[in-house]
Amino acid sequence: MTRSIAFRSGADAGSRNQRLLVQLRWIAVAGQLAAILAVHFGLGIRLPLQPMLATLGVLVALNLFTLFRGRLTSNPQMFAAMLVDVAALTTQLYLAGGSTNPFATLYLLQVVIGAVLLPTWGSWALVAITSVAFAVLGVTHRPLPLPRALASELSPAFLMASWFNFTLASILLVAFVTRMARNVRARDAHLAAIRQRAAEEDHIVRMGLLASGAAHELGTPLASLSVALGDWRQEPAIGGSPRLAAEVDEMRNEIARCKKILSGVLFAAGEVTGEAPVRTSIRRFLQGVVADWSASGPVPLTFENRLSSDRPIVADRALAQALTNLFDNAVEAGAGTITLAAVMDGPILVLAVRDNGRGFREDLLATVGQPYRSSKETGGLGLFLATNVLRTLGGALEAHNRVSGGAEVTLSLPIASLALEESE
């Protein structure tokens, strides 16, 4: 949904830019026509009307083609259209005095428009093209037959200085306009990211409220079932049957697991459970997470310990639940083996969860961990929770498909967000 909105927004912006370019071209056609007629008939300066009017006809044809043919919103198409404008202006100037024509400064308008509408390569290409055209027009052009009262002769030094001035102004315009446009785009992207994060945090708040309500609703029946199963375990008929006793114990373990999962969801949703923090170390914490999941996990889980030191930390249950969710996602993706690798990259703890499953769909990798992407291909709620747990700890989550098959999800977080104060 977000991508389609962004696509429509970009297409609409391109369409608006195209309309503006068409309007400017109509203005250019009208202005050039008025200037040609005024000079030829009003001032009595003989101009080659046929080729000059034919050049205006090319611009009119381009506008009509743009209007009736459809959108020309891609960068190469926009660049080609602007090249036609530059070629038309160059032709008109060649037929009317070249660089000595005061309208030669209209090249700057093309440069500014290119700096705003085109990518960087297109902007600098226009600077080079217009600069070369300006220089060539200073050397070769059709002389403008001015009356004696209006005639003047510009020295080669003046023409050289005019070309240098034009080129310098074009370079400075493109350099600063493109930089300002880049800053505006960066600001817009930052604002969009802030709005996206606000929407995700609002989603987290709603999910936290839902999880809190579910905890109140499920806590009582789970506790009642736990008590009832404890009473059943004391019954002679069950205690005397190893098979029944094992089944009751398994049910009690599953109920305890449900409580633990519910507590983890509450932690990930931002709910406070009132439990005291547990002092441990990085290695013991990760080994505990692996052991807890392996106790009931359907596939082998290997822990690769690449930590140079075992730093003391406060156990974070939300992080443990996030890792558990990633293991579960790997199983759902058809993984036969899972590996958790841990390494320190300076002050950053990097945890990589690798599997040999189906991996992520390429077109969905960019949306991994985002809300409203709940599907098996993107990891659904598990990756969303893991992403927001990492964000809370000041870290980030990245996912990619492995060349050898399967997927790898990397969690990076500052160790300071877990470390004990006295260890710093």
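This report describes the nonpolar cores, one strand pair and several single residues of the structure shown above, which is a predicted model.

**The cores**

The largest nonpolar core has 42 residues, and those with the most contacts inside it are Leu 286, Leu 323, Phe 327, Ile 338, Leu 340 and Leu 411. Helices and strands both contribute to this core, since at least two of its residues are supplied by each of α9 (282–294), β2 (301–305), α10 (317–332), β4 (338–345), β5 (348–355), α11 (380–392), β6 (396–401) and β7 (407–414). The largest share, eight residues, comes from α10. To see how one member is placed, a student may look at Leu 323, which, when its neighbours within four places in sequence are left aside, is in contact with Leu 286, Val 289, Leu 340, Leu 351, Val 353 and Leu 411. Another core, of 16 residues, lies apart from the largest one, and among its members are Tyr 107, Ile 113, Leu 118 and Phe 166.

**The pair of β6 and β7**

The strands β6 and β7 run antiparallel and are joined by six bridges, and within this pair Ala 399 stands opposite Val 409 of β7. Five residues lie between the two strands of this hairpin, where Gly 405 takes a positive phi near 110°.

**Helix α6 and its surface**

Helix α6 covers residues 156–234 and includes Met 180, while Met 160 also lies in α6. On the surface, Met 180 forms a nonpolar patch together with Phe 164, Leu 168, Leu 172 and Phe 176, and the accessible area of these residues together is about 520 Å². Met 160 has a relative accessible area of 53%, and because a residue counts as exposed when this value is over 50%, Met 160 is exposed. In sequence Met 160 and Ala 135 are 25 residues apart, whereas in space the distance between them is 8.1 Å, taken from C-alpha to C-alpha.

**A buried asparagine**

Asn 63 has its place in helix α2, which comprises residues 49–69. Its relative accessibility is 0%, and since buried means under 20%, Asn 63 therefore counts as buried. When residues up to four places away in sequence are not counted, Asn 63 touches Val 22, Arg 25 and Trp 26.

The following table sets out the two residues whose relative accessible areas were discussed.

| Residue | Helix | Relative accessible area | Class |
|---|---|---|---|
| Met 160 | α6 | 53% | exposed |
| Asn 63 | α2 (residues 49–69) | 0% | buried |

Conventions. Residues numbered from 1 in each chain as written. Predicted model: local features only at pLDDT ≥ 70, side-chain atom pairs only at ≥ 80, totals over all residues. Heavy atoms only, no water. Patch = residues over 30% accessible without salt bridge, like charges linked within 9 Å, V, L, I, M, F, W, Y side chains within 5 Å. Areas by Shrake-Rupley, 256 points an atom, 1.4 Å probe, with all protein chains shown as cover. Salt bridge = Lys/Arg side-chain N within 4 Å of Asp/Glu carboxyl O. Helix = DSSP H or I, 4+ residues; strand = E, 2+ residues; numbered from the N terminus. Buried < 20%, exposed > 50% of the residue type's maximum accessible area, 1.4 Å probe, protein only. Core = buried A, V, L, I, M, F, W, Y, C linked by side-chain atoms within 4.5 Å. Contact = heavy atoms within 4.5 Å. Pairing = 2+ DSSP bridges.
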